[in-house]
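User: Please take a close look at one part of this model, the packing of its helices around the nonpolar core, and set out in a connected way which residues make the contacts.

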Amino acid sequence: MANYGSLSGIYAGLTNAYSVIASQYEDGVTLDNILDARGNTSNATILNGSFASYLQNNFASIDKDGDGTISSDEMTTLTNNLSTQGLTREQFAQLALSGASGLSTSTINNILEHFDEMDTNGDGRITNAEIAAFDVNSAKQEKLDEFTHKFATDMSTFYGDDSSSGTAGSYSMLSYRYKKSSDS
Ligand SMILES: [Ca+2]
Ligand SMILES: [Ca+2]
């Protein structure tokens, strides 16, 4: 069964990047703090650049009340909104390839390849629900293909038997019936 994964690792990664920055600055997470944290080489292994960059690039929209700081509530709102609305192809590509999304390269490629098919409501974004539905449908399709293949294989086995070793059984039955009808 194909598995197209889930976007949950991306949302967790964003929250994690936020937490790393928030833990380093007493005044909360401001745009300057994000820039500072990204520039701090000692953060190289603990702060994911793609996630931090997402927070930086979308700062204004994440900071709903416009006080210049992303609060933990605003961060929760962001991940809730993202998981409800889903991710655009660009957002997905950027965040999934961050190396911290929990998705393998083949899963990411599968999602990118089937993005439009997965986006069943056609809003240009994919959600976990759409991925899961696609997963179920492709599993069904796989089962159907397997059944069709199995059926075809069984049929050729049947005919194969009939024309080779199976001849004895079916032929003798036929000759028996012919014999019987000619007798009467
Ligand atoms: Ca705010
Ligand atoms: Ca969609």
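Analyst: What follows goes from the chain as a whole to the core, then to three helix pairs, and ends with two single residues.

The model is a predicted one, and everything below should be read with that in mind. The chain holds 10 helices and two strands, and from the N terminus on its elements follow the order α-α-α-α-α-β-α-α-α-β-α-α. Of its 184 residues, 21% count as buried. Among the contacts with a separation of 6 or more, 62% are accounted for by residues 24 or more positions apart.

The largest nonpolar core comprises 29 residues, and those with the most contacts inside it are Ala17, Tyr18, Ile21, Phe51, Ala52, Leu55 and Leu95. At least two residues of this core are supplied by each of helix 1 (8-24), helix 2 (31-39), helix 3 (49-57), helix 6 (89-96), helix 8 (115-118) and helix 9 (128-163). Helix 1 provides the largest share, namely five residues. As a general matter, nonpolar side chains in soluble globular proteins tend to be buried together. Within the core, Leu55 can serve as a point of entry: once its neighbours within four places in sequence are left aside, Leu55 is in contact with Ala17, Tyr18, Ile34, Ile62 and Ile70.

Consider now the pairing of helix 1 with helix 3, whose axes lie 9 Å apart and pack at an angle of about 80°; because of that angle, helix 1 is roughly perpendicular to helix 3. On the side of helix 1 the contact is made by Gly13, Leu14, Ala17, Tyr18 and Ile21, and on the side of helix 3 by Phe51, Ala52, Tyr54 and Leu55. Sorted by class, this contact of helix 1 with helix 3 has eight nonpolar residues, one polar residue and no charged ones. Several of its members return from the core, for Ala17, Tyr18, Ile21, Phe51, Ala52 and Leu55 are among the residues with the most contacts there.

Helix 3 also packs against helix 2, with the axes 10 Å apart and an angle of about 160°, so that helix 2 is roughly antiparallel to helix 3. The crossing of these two helices is left-handed. Helix 2 contributes Leu31, Ile34, Leu35, Ala37 and Arg38 to the contact, while helix 3 contributes Gly49, Ala52, Leu55 and Gln56. By class, the contact of helix 2 with helix 3 has six nonpolar, two polar and one charged residues. Ile34, named here on the side of helix 2, is also one of the contacts of Leu55 listed above.

A further partner of helix 1 is helix 5 (residues 72-85): the axes of the two come within 10 Å and cross at roughly 165°, and therefore helix 1 is roughly antiparallel to helix 5. This crossing is right-handed. The residues that make the contact are Tyr11, Leu14, Thr15 and Tyr18 of helix 1, together with Met75, Thr79, Leu82 and Ser83 of helix 5. In terms of class, the contact of helix 1 with helix 5 has five nonpolar residues, three polar residues and no charged residues. Leu14 and Tyr18, which take part here, also belong to the contact of helix 1 with helix 3.

Two single residues complete the picture. Tyr54 has its place in helix 3, and Tyr54 is buried because 23 other C-beta atoms lie within 10 Å. Residues up to four places away in sequence not being counted, Tyr54 touches Leu14, Gln94 and Leu95. Although Tyr54 and Leu95 are 41 residues apart along the chain, their C-alpha atoms are separated by 8.0 Å. Ala133, in turn, lies in helix 9, and Ala133 is partly exposed, with 13 other C-beta atoms within 10 Å. From C-alpha to C-alpha, Ala133 and Met118 are 7.9 Å apart in space, while their separation in sequence is 15 residues.

Terms used. Residues numbered from 1 in each chain as written. Chains lettered and ligands numbered in written order. Predicted model: local features only at pLDDT ≥ 70, side-chain atom pairs only at ≥ 80, totals over all residues. Core = buried A, V, L, I, M, F, W, Y, C linked by C-beta atoms within 7 Å. Buried ≥ 20, exposed ≤ 12 C-beta atoms within 10 Å, placed from the backbone. Helix = DSSP H or I, 4+ residues; strand = E, 2+ residues; numbered from the N terminus. Contact = placed C-beta atoms within 7 Å. Axes fitted to C-alpha atoms, helices over the stretch in contact; angles between N-to-C directions. Parallel < 35°, antiparallel > 145°, perpendicular 65-115°, else oblique. Left-handed = near helix turned anticlockwise from the far one by under 90°. Nonpolar A, V, L, I, M, F, W, Y, C, P; charged D, E, K, R; others polar.
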